[in-house]
Amino acid sequence: MIKWLFINRSIRTKLVLSSVFISLIPMLILSFLFYRASSLSLERTMVRSADQNAEYLSNDLDQFFRSFSSSALQVYGFNQLVNFMRNGANYNNADIFQTKDALDNYYRLVQSKNKDVIKIMMYGQDNKLRDSWLRAASYDSIRLDASVPHADQLLDLPFQHALMFTYLDKEQGERFFVYAITIYDPFYRNKYGTLVFYTRMRDFVKQIETYNRSPNNIVLQNDQGEIFYRTNDQFSEAVQTYKRSDNVASYGKRELRFTDRRQALISTSALDNGNVGLTLLYSSSELAENRKITLLLTVGAFALVMLVIALFSSMAQQFITRPVQSLSKAMRAVRKGDFHVTLKPSPWRDDLSELTRNFNFMTNKIQELIEQEYQLLIRNKEAQIMALQMQINPHFLYNTLQTIGGKAVLIGEYDIHEMCRALGDLFRYNFYEGNSESTIGLEMVHLKNYLYIQQLRFEESLVTEFDVEHALLDCSVIRFVLQPIVENAIVHVLGKTEDRQLHLQITAMQQSDRAIIKVRDNGPGIDAEQLARLRAVLEHKNTEVFSGISIGLKNVNERIRMYYGSDYGLRIDSNEGEGTEVIVTIPYRNRGMLHV
């Protein structure tokens, strides 16, 4: 075939055919890449649009369902209603009038938040109906009996669980949306009772579909995986069964994915603290049509370019084709990641020689930028580690403490001498100029020096206990990890009042390929809200070098993560009134004294 094309042909024909065949494969690759990039761009556009729409819809629907849960939880604001749900009504007691007023106020409050609610049923601790509210007398026939789905379980739902479903009421002749939630004591989790809200299905659908656009499909599932609403049956096989997760961080997060044949884009998220699973399905019919148009444009552009190449090649000379071929080869190498490619420029000052020089300049510049960026990242990380490590008192204090200790011995003040010795050992340990890693054994010695100083101050108010596995003494760890944690406990417990005794328990153990160090105190603990904020601060990655911030838990956590990676660091567990436990996780590396 090739011989037939080139033998007995004119040089002009050979040049044209050579140019066409040489350009064919690159043009096919470029056309494919163009089509692929365009298709991906269309998909990304669709994903962005779908994600924005899903965010808006999920927020709107989450607010809709949350209005029910927040309305139900408003009952905590009425002590009479809590007692009413637990014990029922005593009509011989004068407080019955206050209970009725509380019921009226509560129902008005619910109506103001949920304008579509037609009936509210309040059940007591014994699952007996205590009271109900009706928007109209015709809804009095609505009953919670065996004909209602989940009637046997919705009065005893688990803590913080709500159950939603729809059903057809035969007596009323219409469908209703039901929202049920069991009310518990938030501290002891003793059941108070259950609240059940009813909404007409047509009002529910109107609320759900307010901001939905056809042919998008909304699918809602309760925490048992039952679908209680869907816009239509399109792509029903692609809807996965919703399973409630105990991970609070997963609530409100959205996941986007295409179906196997990319016929639809699916968005899933958990609403109202995981009690509702929302699935949004976006048809890809418009995307398929745009892909078809893009394919036609790509084929047309490919044919047009090949024709232009053939026409211009018929007028080209050999001194033009060679530089172009060389440049094409070099560009393919750059596309594969080889930025060391350089071309020998032509001695003539024409467009091709200028293009060659610009190409060489571009590859050199890219290579320089890559090296500069890499070096910048290394320097930035080193600067952060050094800044974190050097947030300690000045080095000269060590020599000063030695002098003070010597003076104290001369006058017989041996306690002062021991305090200076311990504090001097602290500074000498902190400013050791060798490897940045120490061992758990030396960290414990360093910590005992610190606790010795604090013991002189607080005396019997401070009790310490160490339980360290012997095999962990040579496990390597970065310096100055434990003292800030212990210091934090002392400051927050004994720093505020010395009337109580602080018991510190320091344990170290090995778990698989990790070393676990726990520092537990018997302090007042941390309330849930403050603990959540503290955990969020520890999880937040700070890319700036610390300045003006005291050494504490965040400092230790940042240094561990910088040195060992994001899988390691601190974890804080605390219950108010039960003390606090700080858990340090590092990799188990038994390198001993050679690395100190």
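Which strands does helix 5 lie across, and at about what angle does it run to strand 7? In this predicted model, helix 5 (residues 201-208) lies across strand 6 (217-222) and strand 7. The helix runs at about 65° to strand 7.

Strands 6 and 7 belong to an open sheet of five strands. The strand order is 7-6-10-9-8, and the pairing is antiparallel. Strand 7 (227-230) and strand 8 (254-258) stand at the edges. Each has a single partner strand, so one side of each is left without a neighbour in the sheet. On average, neighbouring strands of this sheet are turned by 15° against each other, direction ignored.

At the strand 8 edge, the partner is strand 9 (residues 264-271). The two strands pair in the antiparallel sense over five bridges. One bridge involves R257, whose partner in strand 9 is I266.

The second largest pocket was examined next. The volume of this pocket is about 480 Å³. Its lining comprises 23 residues. Of these, F159, Q160, H161, R244 and N273 lie nearest the pocket centre. Helix 2 (11-73) and strand 4 (174-184) each supply at least two residues of the lining. Strand 4 gives the most, with five residues. By residue class, the lining of the second largest pocket divides into 11 nonpolar, seven polar and five charged residues.

Technical notes: Residues numbered from 1 in each chain as written. Predicted model: local features only at pLDDT ≥ 70, side-chain atom pairs only at ≥ 80, totals over all residues. Heavy atoms only, no water. Pairing = 2+ DSSP bridges. Helix = DSSP H or I, 4+ residues; strand = E, 2+ residues; numbered from the N terminus. Axes fitted to C-alpha atoms, helices over the stretch in contact; angles between N-to-C directions. Contact = heavy atoms within 4.5 Å. 1 Å grid on protein atoms, 1.4 Å probe; cavity = no way out; pocket = protein on both sides within 12 Å on 5 of 7 lines; lining within 4 Å. Points joined across faces, edges and corners; volume = space filled by probe spheres on them. Nonpolar A, V, L, I, M, F, W, Y, C, P; charged D, E, K, R; others polar.
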